[in-house]
Amino acid sequence: SKLTTHAMGMKRCIVPSILLMLALQSAALLVAGDVGAILLPSQDEAAMAAKKRPWKCCDQAVCTRSIPPICRCMDQVFECPSTCKACGPSVGDPSRHVCQDQYVGDPGPICRPWECCDSPTCTKSNPPTCRCGDEVDKCAPTCKTCLPSRPRPSRRVCLDSYFGPFPPACTPKAVAAGGN
């Protein structure tokens with residue numbers, strides 16, 4: 001009777017152990033396998049991340065390739081938002097700060113006053129402060145100062161300046177240069 005009870009207890013213990021080993025093997029294959037593999041965040045990473053996105057917008061998001069992603073916003077700002085729990089000095093510019101918080105999910109909208117720019121004017125600082133001279137039909141919703149263009153009043157120009165990475169071009173170089 002004791003032997004039968006002991007054998008039943010071992011069977012109950014062996015089945016979860018086998019399932020755990022199979023799950024760990026599968027996880028190891030995902031991590032070491034194909035670069036396009038879907039990864040899930042660990043419980044430790046997810047527990048450390050903020051429940052609500054600590055920034056309103058982000059231009060320099062660094063996210064894991066997991067689903068959902070765990071993101072940090074590396075934007076250099078003069079002052080971290082009040083929702084940021086861990087604000088540290090920027091490595092590149094000690095007068096600026098970077099929110100060290102992590103967030104599980106979409107990093108949010110961009111902060112730049114324009115999506116892209118073909119005529120940027122930027123300082124030589126790193127990161128630069130840029131303005132965009134593009135004449136557009138309508139300014140982006142993130143633009144605070146949108147005025148009519150002087151040479152063509154029917155077109156608009158966003159006069160905002162932006163401190164951050166160089167803005168991406170709107171027009172591919174081949175099209176802008178007249179190529180195909």
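This is a short tutorial dialogue on reading the sheets, a cis peptide bond, an annotated domain and the pockets of a predicted model.

Me: Let's start with strands. How do strands of a sheet pair?

Reply: Through backbone hydrogen bonds, and the pairing can be parallel or antiparallel. Here you can look at an open sheet of three strands, ordered β1-β2-β5, where the pairing is antiparallel. Its edges are β1 (61–63) and β5 (103–104), each of which pairs on one side only.

Me: How many bridges join β1 to β2, and how many join β2 to β5?

Reply: β1 and β2 run antiparallel and are joined by three bridges. For β2, residues 70–73, and β5, also antiparallel, there are two bridges.

Me: Which residues should I click on to see that register?

Reply: Try cysteine 63 first: its bridge partner in β2 is cysteine 71. Then go across to β5, where tyrosine 103 stands opposite cysteine 71. For another pair, take isoleucine 70, whose bridge partner in β5 is valine 104.

Me: And where do the side chains go along a strand?

Reply: In a regular strand they alternate between the two faces of the sheet. Keep that in mind as you step along each strand on screen.

Me: What joins β1 to β2?

Reply: A hairpin, with six residues making the connection. Have a look at proline 68, which sits in the loop between β1 and β2. The peptide bond from isoleucine 67 to proline 68 is cis, with omega at about -5°.

Me: Okay, on to the other sheet. What is its strand order?

Reply: The order is β6-β7-β10, again an open sheet of three strands with antiparallel pairing. Here β6 (120–122) and β10 (161–163) are the edge strands, each pairing on one side only. From one strand to the next, the twist averages 25°.

Me: What holds β7 and β10 in register?

Reply: Strand β7, residues 129–132, pairs with β10 in the antiparallel sense over three bridges. One spot to check is cysteine 130, which stands opposite tyrosine 162 in β10.

Me: Where does UniProt place the "Bowman-Birk serine protease inhibitors family" feature?

Reply: The UniProt record, an unreviewed entry, puts that domain feature at residues 73–87 and 132–146. In the model, residues 73–87 are 0% helix and 13% strand, and the C-alpha atoms at the two ends are 11 Å apart. Residues 132–146 come out at 0% helix and 13% strand, with end C-alpha atoms 11 Å apart.

Me: Now pockets. What is the volume of the largest pocket, and which residues are closest to its centre?

Reply: It has a volume of about 570 Å³. There are 27 lining residues, and the closest to the centre are Trp55, Lys56, Cys57, Val77 and Pro81.

Me: What does its lining look like by class, and which domains does it draw on?

Reply: The lining of the largest pocket splits into 15 nonpolar, four polar and eight charged residues. Domain 1 (61–104) and domain 2 (120–163) each contribute at least three residues to that lining.

Me: How much space lies in the second largest pocket, and what lines it?

Reply: That one holds about 210 Å³. Its lining is Phe78, Arg96, Cys111, Pro113, Thr142, Lys144, Asp160, Ser161, Tyr162 and Phe163. By class, that makes five nonpolar, two polar and three charged residues. You've met Tyr162 already: it's the residue in β10 opposite cysteine 130.

Key. Residues numbered from 1 in each chain as written. Predicted model: local features only at pLDDT ≥ 70, side-chain atom pairs only at ≥ 80, totals over all residues. Heavy atoms only, no water. 1 Å grid on protein atoms, 1.4 Å probe; cavity = no way out; pocket = protein on both sides within 12 Å on 5 of 7 lines; lining within 4 Å. Points joined across faces, edges and corners; volume = space filled by probe spheres on them. Nonpolar A, V, L, I, M, F, W, Y, C, P; charged D, E, K, R; others polar. Domains from an automatic or database assignment. Pairing = 2+ DSSP bridges. Helix = DSSP H or I, 4+ residues; strand = E, 2+ residues; numbered from the N terminus. Axes fitted to C-alpha atoms, helices over the stretch in contact; angles between N-to-C directions. UniProt positions renumbered as here; feature names shortened; annotations may be inferred.
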